[in-house]
Amino acid sequence: MEFHVKSGSPEKQRSACIVVGVYEPRRLSGIAEQLDQISEGYISNLLRRGDLEGKPGQMLLLHHVPNVLSERVLLVGCGKERELDERQYKQIITKTINTLNETGSMEAVCFLTELHVKGRDTYWKVRQAVETSHASLYNFDVLKSKKDEYRRPLRKLIFNVPTRRELTLGEQAVNHGNAVAAGMKLCRDVANMPPNICNPAYLASQARQMAENFDKLTVTTVGEEQMEQLGMNSYLAVGRGSDNESIMTVMNYQGNPDSSARPIVLIGKGLTFDSGGISLKPGAGMDEMKYDMGGAAGVLGAMQTLVEMDLPLNVIGILAGCENMPSGRAYRPGDILTTMSGQTVEVLNTDAEGRLVLCDALTYVERFDPELVIDTATLTGACVVALGGQASGLLANHNPLAHEILNAGEQSGDRAWRLPLWDEYQSQLDSPFADMANIGGKEAGTITAACFLSRFAKKYHWAHIDCAGTAWQSGKNKGSTGRPVPILAQFLLNRVDASSQE
Ligand code: BES
Ligand code: MN
Ligand code: ZN
């Protein structure tokens, strides 16, 4: 689907459909007002007769409105003008896209980007409209033998901006929106892929495929043999019970004109299936543990957005691919592992495997002398309990970095909420036999998991995004959400603005 911006008056558009807003109760938006005047009160007449109240998401499709060049006019209920917020705006866009698809307009000019959304500018409205439209058209049907398709799908949507001066900004918003949407789509496709197909080697192949199309991106992999040489015994232990080889994929994007500029490192937990291992999970809902590579899918998606935006940054993306299975070779509760950092870990629960994979990845990336490191992981069930599906958990050893990430979350609509990483929590990881245990007891599970990781992230500024509650949805709309691509992509985008202002 294609998006464009233009600036013009509604009655002059020659399109299959023009989309304009109506507020509750029966109040015309500025644009609808213009159409009403040109059509000599056609629209206000309909409203007076009660055809549309203006409740959020209400739709009324009109044909051949007098003196209007477009074939159709879609009136969209926007609720009370003063209550139009971000969430409602996105819902209205989604409904509009669905209606356009179902009613056969293959092309439309949309004036909803001129609505007043509290605290948001044209750039934001256009970009969110683009992202929301892409997202509402997404479905994962590559493995279905029959796919249901619209007979006359929407192919081209043009967003109108109030003034010609805002066209450049609007075009930038479309480009950014498309890039983020492409990253989210890749994230969702890879995350939704079943674990018999999506294994660590599959993650690597997805990264390699991306590198084929972009010169600034190179991809290498670290397999089990090399992990052995590097002393990544903790990572190796988690994958030992699986017949699928553990593979850490290293994506290196060199976009900074200064090729020696220190890179930003993103690390994603890539457990392509987490059965729990010998500390086996209960059966109900275990299929959803195919999404335990949601962090890696998020990093892969963010790399896609990055290369499409061609940002002048050096960024390393790590997909920490691994599968946690029970078997005669699997690691056990009681095992003591020597991590790549030299620190030892007593395994008390083989289901706390993500941190064991990530800790060696965190040590591995020291070789890049990173400017900062962000890891993202579906790390703890406790995070789902604490924050649900609305916000990811954020923990960091550097306050300015934490604030940058929180901001990126607000801007992109992919929000995070910070939890403390106080030293007082560290003692929950004490072990009588090793430097630390891999679990910290039943209290503050998200924090103690981050405490564990922090012990391997002492050499750089580091933040951890726990996306266990946000990366996918359960229930009848089960599927990947494409998060945390937006927050990561926004963080990178803001980094460019910040460095060009220095
Ligand atoms: N991948 C899970 C975390 C998870 C569980 C995410 C459910 C989303 C939904 C992780 O590997 C795990 O099993 N964590 C354990 C840790 C515990 C054993 C300390 C958990 O959260 O129960
Ligand atoms: Mn687990
Ligand atoms: Zn896991």
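Domain bounds in these views come from an automatic or database domain assignment. This is a predicted model, in which local features need pLDDT of at least 70 and side-chain atom pairs count only at pLDDT 80 or more, while totals for chains, interfaces and linings use all residues. Residues are numbered from 1 along each chain as its sequence is written, and side-chain values use heavy atoms, with hydrogens and water left out.

**View 1. Here is how the chain splits into domain 1 and domain 2.** Domain 1 covers residues 2–161, and domain 2 covers 180–497. Their C-alpha centres are 39 Å apart. Where the two meet, 13 residues of domain 1 and 15 residues of domain 2 take part in the contact (heavy atoms within 4.5 Å).

**View 2. Let us move in on the area buried between domain 1 and domain 2.** Buried area is the accessible area (1.4 Å probe) that two parts lose on being put together, summed over both. For this pair it comes to about 1,100 Å², with carbon and sulfur atoms giving 55%. On the domain 1 side, Arg127, Tyr138 and Phe140 lose the most area to domain 2, and together they make up 48% of what that side buries.

**View 3. Next come the polar contacts between domain 1 and domain 2.** Six residue pairs, both residues at pLDDT 80 or more, are in polar contact (N or O atoms within 3.5 Å, one able to donate a hydrogen and the other to accept it; residues adjacent in sequence count only if both atoms are side-chain atoms). Helix α4 (residues 122–137) supplies seven residues, the largest share of the domain 1 side that touches domain 2. Helices here are DSSP runs (H or I, at least four residues), as are strands (E, at least two), numbered from the N terminus. By residue class, that side of domain 1 has seven nonpolar (Ala, Val, Leu, Ile, Met, Phe, Trp, Tyr, Cys and Pro), four charged (Asp, Glu, Lys and Arg) and two polar residues (the others, Gly among them).

**View 4. Meet the stacked aromatic pair of phenylalanine 3 and phenylalanine 159.** The ring centres lie 5.7 Å apart, with 5 degrees between the planes. Rings of Phe, Tyr and Trp (its six-membered ring) pair if their centres lie within 6.5 Å, and planes under 30 degrees apart count as stacked. Phenylalanine 3 belongs to strand β1 (residues 2–6) and phenylalanine 159 to strand β7 (residues 156–160), 156 residues apart.

**View 5. Finally, look at the loop between β2 (17–24) and β3 (27–28), home to proline 25.** A cis peptide bond links glutamate 24 to proline 25, with omega about -5 degrees. Arginine 26 is in this loop too, and its phi is positive, near 55 degrees.

Definitions and conventions: Chains lettered and ligands numbered in written order. Phe/Tyr/Trp six-rings, centres within 6.5 Å; stacked < 30°, edge-to-face > 60°.
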